[in-house]
Amino acid sequence: MRDGIAQVERELRAALARGDQSSSDALLKILLLLIGGWAECRLRKLLFEPNGFDDAERGLISAERRQIDGWLKAVEIGFRRRYRLPRANLDVALPPIQKMLRDTLRQTIKDDLGPIIEMRNTLAHGQWSRPLTNNGDRISNTVLAAIRKENALSARYKMTILEALAGSIHDLVSGGVAFERDFNKHFSGVEAARRDLRTRDYGKWRVAMVDKFRRGQRRRSAA
């Protein structure tokens, strides 16, 4: 699926460069759909990592009805296993640094993964221009606004965040020293992507791509 995401990204950028608005709109929605699908597959892969969850723990995670709750349950169980706290209140029992790491993962799941999952569910049901609420009786202005805010750059940055999040949770559940050792490395990438989401000018980036495409056309015409 990762190769498919990369291919759609290339096609999307090419459509933007040549000014093909219809194709770029469709490709962006396909890209968002694939990124959400990747997140779902990554959770399934996480359940069967070597030295990871046992059958009972997999059952608890799989029993969650919403995908975001499955991710949150995976984090909870991962911390319980790693720090040998099977039944304790983690808010009290975890040492301060470990509690901070857990809270960072949980908040990233809610803030960054959650909207992607919601958009993916909407797009997978064919609701590309008029997303509906969960009960299907009216248009969801929240989801509609979220989809309209996305662009080729924001999708790329969000994929970077999800990859770092998944990598850190993998380290959490698979044992060894990688979780604490590599947490800062993973989340420095998350912070850089968030910073780019806030500050990168998509309009200027798109204009630069169009200009580059047109220069290439002129060079080929003059050759």
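Asp91, Lys99, Arg102 and Asp103 are joined in a network of salt bridges, a handy place to start looking at this chain. The model is a predicted one. The chain holds 10 helices and 0 strands, and the total of salt bridges comes to 19. Here is a friendly tour, topic by topic.

**Overall build**

- Read along the sequence, the pattern is α-α-α-α-α-α-α-α-α-α.
- Along the principal axes, the C-alpha atoms fill a box of roughly 70 × 45 × 30 Å.
- The chain has 223 residues, and buried residues make up 44% of them.
- About 12500 Å² of the chain is exposed, with carbon and sulfur atoms supplying 51% of that area.
- If you take the contacts between residues at least 6 apart in sequence, 69% of them join residues at least 24 apart.

**The nonpolar core**

- The largest nonpolar core has 58 residues, and the members that touch the most others are Trp71, Phe79, Leu105, Ile109 and Ile169.
- At least two residues of this core come from each of H1, helix H2 (21-47), helix H4 (67-82), H6, helix H7 (141-149), H8, helix H9 (178-199) and H10.
- H8 gives the largest share of the core, with 13 residues.
- Phenylalanine 79 deserves a click in your viewer: setting aside neighbours within four places in sequence, its contacts are Arg84, Leu90, Leu94, Gln98, Leu101, Arg102, Leu105, Leu172 and Phe179.
- Two names on that contact list turn up elsewhere too: Leu105 is itself among the core residues that touch the most other members, while Arg102 belongs to the salt-bridge network with Asp91, Lys99 and Asp103.

**Salt bridges beyond the network**

- As a reminder, side chains of opposite charge can pair when their charged atoms come close.
- Glutamate 9 and arginine 156 meet through their side chains in a salt bridge, at 2.8 Å from N to O.
- This pair ties together distant parts of the chain, with glutamate 9 in helix H1 (residues 2-17) and arginine 156 in helix H8 (residues 152-174), 147 residues apart.
- Glutamate 9 counts as buried because its relative accessibility is 11%, under the 20% cut-off.
- Arginine 42 and glutamate 49 form another salt bridge, where the closest N and O atoms are 3.5 Å apart.
- Both partners in that bridge, arginine 42 and glutamate 49, are buried.
- Aspartate 182 and arginine 181 also pair through their side chains, with 2.9 Å from N to O.
- Here the two partners fall into opposite classes: aspartate 182 counts as buried because its relative accessibility is 12%, whereas arginine 181 counts as exposed because its value is 57%.

**Helix H6 and its bend**

- Helix H6 covers residues 96-124, which is 29 residues.
- From its first C-alpha to its last, H6 reaches 40 Å, close to the 42 Å expected at 1.5 Å a residue.
- H6 bends by about 40 degrees at leucine 113.
- A proline, proline 115, follows within four residues of that bend.
- After H6 comes glycine 126, with a positive phi near 80 degrees.

**Positive phi outside glycine**

- Asparagine 51 has a positive phi, near 65 degrees, although the residue is not a glycine.
- Asparagine 51 sits in the loop between H2 and helix H3 (55-62).
- With a relative accessible area of 66%, asparagine 51 is exposed, the cut-off being over 50%.
- Arginine 84 is another residue other than glycine with a positive phi, near 55 degrees.
- The loop between H4 and helix H5 (90-93) is where arginine 84 is found.
- Arginine 84 counts as exposed because its relative accessibility is 71%, and Arg84 is also one of the contacts of phenylalanine 79.

**Arginine 219**

- Arginine 219 belongs to helix H10 (residues 202-222).
- Arginine 219 counts as exposed because its relative accessibility is 56%.
- The C-alpha atoms of arginine 219 and phenylalanine 79 are separated by 58 Å, and the two residues are 140 residues apart along the chain.

Technical notes. Residues are numbered from 1 along each chain as its sequence is written. Side-chain values use heavy atoms; hydrogens and water are left out. Buried means under 20% relative accessible area, exposed over 50%, partly exposed in between (1.4 Å probe, protein chains only). The expected span of a helix is 1.5 Å times one less than its number of residues. The bend at a residue is the angle between axes fitted to the seven residues ending there and the seven starting there. A salt bridge is a side-chain nitrogen of Lys or Arg within 4 Å of a carboxyl oxygen of Asp or Glu. A nonpolar core is a set of buried Ala, Val, Leu, Ile, Met, Phe, Trp, Tyr and Cys residues joined through side-chain atoms within 4.5 Å. Contact means heavy atoms within 4.5 Å. Accessible areas come from the Shrake-Rupley method with a 1.4 Å probe; for residues, only the protein chains shown count as cover.
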